[in-house]
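Subject: Structure handover

Hello,

Here is the structure I promised to pass on. Please open it alongside this note, and then read on for what turned up.

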Amino acid sequence: NSAIALALQRKGNGTVPALGLHGRENAVKIDRDGVLYYAWYDASDAHLKFATQSNSGAWSAVQIVDSAGDVGHFVSMALTSTGKPAMAYYDSQNADLKFAQWDGARWVRQTVDSRLSTGLYPSLAFDQYDDPIITYYYKTGGDLRVAFDVGNGFTIGTIDSTQDSGRYSSFAISNTGVWSVAYENSTTGKFKFASKAGKTWSLQTIDGNTRAGGGYTSLAFDPTNHASVSYYDAWNADLKFARLSSGVWSTDTVASQFSQGLYTNLFFDGGGNANIAYFNKTNDSAVLAAGSIGNWSFTALAADGGRHLAVARFGNQSTFSYYQTANDTLALGQF
C-alpha cells in the first residue's frame with residue numbers, strides 16, 4: 001500500500017548519497033514523526049531532486065522528481081496532513097508553473113499555469129482539507145496570481161494586477177483559516193500584503209518606505225494570530241521585520257550593518273518570539289535573529305555560506321539548509 005511504499009522510500013543506509021551536490025534553490029520540511037523531507041534544484045543537470053532522512057539519521061536514495069528540461073527553480077514544498085510531500089516550482093524550459101505530489105508510490109506531475117511566462121516565486125501550502133494553494137508571479141503581466149485545487153483541477157485567479165506585483169510571494173494560512181500572502185511591488189519598491197476572507201482579496205502596503213524592493217519575503221502568523229513578515233530592503237541592504245496589529249503595520253530594521261537580510265525564513269518559537277534565519281552577504285554566512293520589534297539578539301548559524309537558506313522546525317529544534325560556496329553543495333545544520 002502507499003504507506004509501505006513511502007516507508008521503503010525512507011529506508012536508507014546511513015550515508016548521504018550526493019545529497020545537495022550542485023544544489024541551489026531548496027526546501028526542507030519535517031513531518032510529525034520527525035522525518036526530514038529535502039528537495040533541491042541541481043544546477044549540474046537542471047533537475048528537481050528529493051530525499052528523506054529518518055528520525056534515526058538514515059538517508060533515503062535520491063529521487064528525481066522532475067527531469068523534463070530545466071525544472072525545479074524556486075521550489076516550495078508543503079506536506080499534507082498525512083505527511084505526503086508536494087512541490088510547486090518553476091519550469092524555466094517552458095516558463096511554466098508546475099506541481100508535483102507524492103501519491104504513495106510515485107511523483108505525479110502537472111503543469112498548473114502555462115500562459116506566456118508565469119510561475120516564478122511560487123509559495124505552496126495545504127488547507128485544512130489537504131487542498132493545495134499556490135501563489136506565484138505572472139511575469140508577462142506583472143501580476144500576483146493564485147492557483148488552488150479543491151478536487152476538480154487547479155483554478156487560477158489574480159490577486160494583485162497593480163503595476164508590477166508578485167515577486168517573492170510568501171503564502172500562509174492564518175490560525176483562523178484566512179489566506180494571506182506577502183510580496184513585492186517591483187514598480188514602487190514597496191512590500192505588500194493581501195488577505196482573503198470570503199471571496200475578495202484585501203490589499204495593504206506593509207512598508208511604504210522601501211524604494212528598491214529587495215524581496216526574500218517570509219510570512220508567518222504568531223501565536224496570537226498576528227501576521228508578521230521578514231524581508232530584505234535592497235535600498236539600504238538591511239534585514240527588516242513587520243507586524244500587523246489592529247490593521248496597522250509596524251516595521252523595524254533588524255540588522256543594518258553591511259549587507260544582510262537575503263533569503264529570510266521567519267517562524268515563531270514556543271515563547272511567541274520571532275525568529276528570522278537569513279543570509280549575511282558581506283560575510284557569506286547564515287545568521288539567526290530572535291526577539292521582537294526593538295529587541296533582537298543574534299546567533300551565528302554557519303560561517304561557510306548561507307545563500308539559498310531554508311529552515312524547517314520540529315518541536316524546539318530547527319534544521320536548516322544552505323549553499324556552501326567553496327564546495328558548490330548544499331549543507332545541513334541544526335539550531
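The second largest pocket in this predicted model holds about 250 Å³ of space. Its lining is made up of 13 residues. Closest to the centre are Ile-30, Gly-34, Gln-317, Thr-319 and Gln-334. Two elements give two or more residues each to this lining: β26 (317–324) and β27 (329–334). What classes of residue line the second largest pocket? Nine are polar and four are nonpolar. No charged residue is in the lining.

Stay with β26 and β27 for a moment. The loop between them holds Asp-328. Asp-328 is not a glycine, yet its phi is positive, at about 50°. Asp-328 has 22% relative accessibility, so it counts as partly exposed.

His-308 is another non-glycine residue with a positive phi, here about 55°. His-308 sits in strand β25 (residues 305–314). Is His-308 buried or exposed? His-308 is buried, because its relative accessible area is 15% and the cut-off for buried is under 20%.

Next, the salt bridges. The structure has 11 of them. Three are worth a look on screen.

Start with Lys-98 and Asp-66. Their side chains meet in a salt bridge, 2.8 Å from N to O. The pair links distant parts of the chain. Lys-98 is in strand β7 (residues 96–102), Asp-66 is in strand β4 (residues 63–66), and 32 residues separate them. Both partners are buried.

Then take Asp-222 and Arg-243. Their closest N and O atoms are 3.3 Å apart in a salt bridge. Asp-222 lies in the loop between β17 (218–221) and β18 (227–233), while Arg-243 belongs to strand β19 (residues 238–245), so the pair ties together parts that are 21 residues apart in sequence. Which side of the burial cut-off does Asp-222 fall on, buried or exposed? Asp-222 counts as buried, at 5% relative accessibility. Arg-243 is partly exposed, at 28%.

There is also a network. Asp-42, Asp-45 and Lys-49 are joined by salt bridges that share partners. Within it, Lys-49 bridges to Asp-45, with 3.0 Å between the closest N and O atoms. Lys-49 counts as buried at 14% relative accessibility. Asp-45 is partly exposed, with a relative accessible area of 28%.

Now a hairpin. Strand β15 (residues 190–196) and strand β16 (residues 201–207) run antiparallel, joined by six bridges. Which residue in β16 stands opposite Lys-196? That residue is Trp-201. Four residues lie between β15 and β16. One residue in the turn, Gly-198, has a positive phi of about 95°. When you look along the two strands, keep one general point in mind. In a regular strand the side chains alternate between the two faces of the sheet.

Just ahead of β15 there is a loop that connects it with β14 (179–185), and Ser-186 is found there. Ser-186 is partly exposed, at 27% relative accessibility. Leaving aside neighbours within four places in sequence, Ser-186 is in contact with Asp-164 and Arg-167. The C-alpha atoms of Ser-186 and Gly-215 are 9.0 Å apart, with the two positions 29 residues apart along the chain.

Last, Leu-116. Where does Leu-116 lie? Leu-116 is in the loop between β8 (107–113) and β9 (120–126). Leu-116 is exposed, because its relative accessible area is 55% and exposed means over 50%. Not counting residues up to four places away in sequence, Leu-116 touches Asn-94, Ala-95, Asp-96, Tyr-138 and Thr-140. Asn-283 is 167 residues from Leu-116 along the chain, and their C-alpha atoms are separated by 39 Å.

If you go through it on screen, a handy order is the pocket, the salt bridges, the hairpin and then the two loops.

Best wishes

Methods:
Residues numbered from 1 in each chain as written. Predicted model: local features only at pLDDT ≥ 70, side-chain atom pairs only at ≥ 80, totals over all residues. Heavy atoms only, no water. Pairing = 2+ DSSP bridges. 1 Å grid on protein atoms, 1.4 Å probe; cavity = no way out; pocket = protein on both sides within 12 Å on 5 of 7 lines; lining within 4 Å. Points joined across faces, edges and corners; volume = space filled by probe spheres on them. Nonpolar A, V, L, I, M, F, W, Y, C, P; charged D, E, K, R; others polar. Salt bridge = Lys/Arg side-chain N within 4 Å of Asp/Glu carboxyl O. Buried < 20%, exposed > 50% of the residue type's maximum accessible area, 1.4 Å probe, protein only. Contact = heavy atoms within 4.5 Å.
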